[in-house]
Amino acid sequence: MPNNRDSLGITMALTMLAIAFPAAADPVPSNWESVLEEAEGQTVYWNAWAGEERINAYIEWTARQVDERYGIELVHVKLGDTSEAVSRVLAEKQAGNDDAGSVDMIWINGENFAAMKANDLLFGPWADSLPNYPLTDPDNTPAVRYDWTIPVDGLESPWSSSQVVFYYDTALIEEHPNNMNELLAWVEQNPSEFTYPQVPNFLGNAFITQALLELVDDTSIFYEPMQADDFDEATAPLWMFLDELHPHLWRSGRAFPSNSADLRSLMGDSEISIALSFSTTEASGAIANFELPDTVRSYVHDSGMIGNMSFMAIPYNAEHKAAAMVVANYLLSPEAQAEKQDPEVWGSNTVLAMETLSSEQRALFDDIDLGIATLPPSELGEVLGQPHPSWVDAIAEKWQERYVNH
């Protein structure tokens, strides 16, 4: 163990080192040529959910593209839940690590973005400066400026658009339900033929949020920060519905699939005949990959379906901010967006506005075969906005308490 004199010497040495090699200044997003120059040779640690192999394969494809084009190494840090990365950044901040963080970029939205913004864990603003950002037509697309009602303020860049759809096997079902009450009646007549992922999985959250918005007459309260005194009365219709539904689910509601891939597997194995997805083209992609029979088709409820955008955020202490911005900008390119929208690749909808693209760029999307199970945009109905994160968090916690920890 060093004595006090040794400790003093170490402290002085570290101080002199800090003076000689000051922390590098953050890149300036508006100076894109400088960003590109700084990004070359950097490694981006992209923390992203890894629960779907098609998404993982798309991230690998992206890694090859940014390596060839920009000399950037992209490493997929695979997460079971986005909150893992948020907790890591928060722990680094508490430890005083303000410029050499281990997380360079996060696939994020909703409550995780709200938490990072509230705790000053984000770099920016930067997203509005990306060369490809105008292709989203932000002045006419509120969804790129608000994340679950929270203003984005340039702290994250959109990269994927999603909407919930149901899908069913037409060989087994003649008429699908058109709303939650009809779904309940159908499940009562066809026990074990439907289920949804366990909350707080994002698709499980989407299902119970969809149910809440359909079952409540006035939904405006859910788009404002939650007041604890309002919770029980406002959410009562949801719990009444789920209490009636669960005994008739797959495995009588005593177990739930973990995620969308597990749910799709149950459908492919004919254990259930109605499922749901947060991708309008998932069923077509699964058919193309021989995971589902070609008799499966998608449908939506009459009152509209939950939808949102996913974003890329850069932590305040990311070590490779320049390269992270370059990757985020590439993900907004027509080439990357079209590749992502192909059902045989992933099938996640683009965030780009077609009217902002050249004829050659639009052709990339026109050439995509969305598949036999995909609804055309005109039949997807109204997109219902995600409620405020405070409601989503509280409802997920109550779900766990009521159906898992009871």
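# A three-stranded sheet and its surroundings

Reader: What kind of sheet do strands 8, 7 and 9 form, open or closed?

Author: In this predicted model, 3 strands form an open sheet in the order 8-7-9, and the pairing is antiparallel.

Reader: Which strands are at the edges?

Author: Strand 8 (274-277) and strand 9 (296-299) are the edge strands, each pairing on one side only. From one strand to the next, the twist averages 30 degrees.

Reader: Does anything sit on it? I mean, which helix packs on the sheet?

Author: Helix 9 (residues 260-268) does, and it touches strand 7, strand 8 and strand 9. The direction of helix 9 makes about 20 degrees with that of strand 7.

Reader: How many bridges join strand 7 to strand 9?

Author: There are 4 bridges between strand 7 (residues 165-169) and strand 9, and the two run antiparallel. One pair to look at is Tyr168 with its bridge partner Arg297 in strand 9.

Reader: What comes after helix 9? I see Ser270 there. Where is it?

Author: Ser270 is in the loop between helix 9 and strand 8. Its phi is near 65 degrees, a positive value in a residue other than glycine.

Reader: Is Ser270 buried or exposed?

Author: Ser270 counts as exposed because its relative accessibility is 51%, and the cut-off for exposed is over 50%.

Reader: And on the other side of strand 8, where does Thr281 lie?

Author: Thr281 lies in the loop between strand 8 and helix 10 (282-288). At 1% relative accessibility, Thr281 counts as buried.

Reader: What is Thr281 in contact with?

Author: Leaving aside neighbours within four places in sequence, Thr281 is in contact with Gln341, Pro343, Trp346, Gly347, Ser348, Leu370 and Thr374. Take Pro343: it is 62 residues from Thr281 in sequence, but the C-alpha atoms are 5.7 Å apart in space.

Reader: Changing topic. How far apart are the end C-alpha atoms of helix 4?

Author: They are 16 Å apart. Helix 4 (residues 83-94) has 12 residues, which at 1.5 Å a residue should span 16 Å, so the model agrees with the expected span.

Reader: Which residues of helix 4 are buried?

Author: The buried residues of helix 4 are Ala85, Val86, Val89 and Glu92. They cover an arc of only 125 degrees around the axis, so they are on the same side of helix 4.

Reader: Why would residues a few places apart point the same way?

Author: An α-helix has 3.6 residues a turn, so residues three or four places apart point the same way.

Reader: What do the buried residues of helix 4 pack against?

Author: They pack against strand 1 (43-49), strand 2 (73-79), strand 3 (105-108) and helix 5. Just after helix 4, Gly96 takes a positive phi of about 85 degrees.

Reader: Now helix 5. Which residues are buried in it?

Author: Asn112, Phe113, Ala114 and Met116 are buried in helix 5. The buried residues of helix 5 pack against several elements, among them helix 4, strand 3, strand 6 (156-163) and helix 14 (389-403).

Reader: What follows helix 5?

Author: Asp120 follows helix 5, with a positive phi near 55 degrees. Further on, a cis peptide bond joins Gly124 and Pro125, with omega about 10 degrees. Pro125 is in the loop between helix 5 and strand 4.

Reader: What else joins through a cis peptide bond?

Author: Val199 and Pro200 do, with omega about 20 degrees. Pro200 is in the loop between helix 6 (180-189) and helix 7 (202-215).

Reader: Why point these out?

Author: Because most residues other than glycine have a negative phi, and most peptide bonds are trans.

Reader: Back to the loop with Pro125. Thr136 is there too; is it buried or exposed?

Author: Thr136, in the loop between helix 5 (111-118) and strand 4 (146-147), counts as buried at 0% relative accessibility. Not counting residues up to four places away in sequence, it touches residues including Thr141, Pro158, Leu332 and Val351.

Reader: And Trp148, where does it lie?

Author: Trp148 lies in the loop between strand 4 and strand 5. Trp148 is buried, with a relative accessible area of 9%, and its phi is positive, near 55 degrees.

Reader: Last one. Where does pLDDT stay under 50?

Author: Over residues 1-22, for which the model has 1 contact beyond four places in sequence. For the protein, the mean pLDDT is 92, and 94% of residues reach 70 or more.

Conventions
Residues numbered from 1 in each chain as written. Predicted model: local features only at pLDDT ≥ 70, side-chain atom pairs only at ≥ 80, totals over all residues. Heavy atoms only, no water. Pairing = 2+ DSSP bridges. Axes fitted to C-alpha atoms, helices over the stretch in contact; angles between N-to-C directions. Contact = heavy atoms within 4.5 Å. pLDDT = per-residue confidence, 0-100. Buried < 20%, exposed > 50% of the residue type's maximum accessible area, 1.4 Å probe, protein only. Expected span 1.5 Å × (residues − 1). Arc of directions from axis to C-beta.
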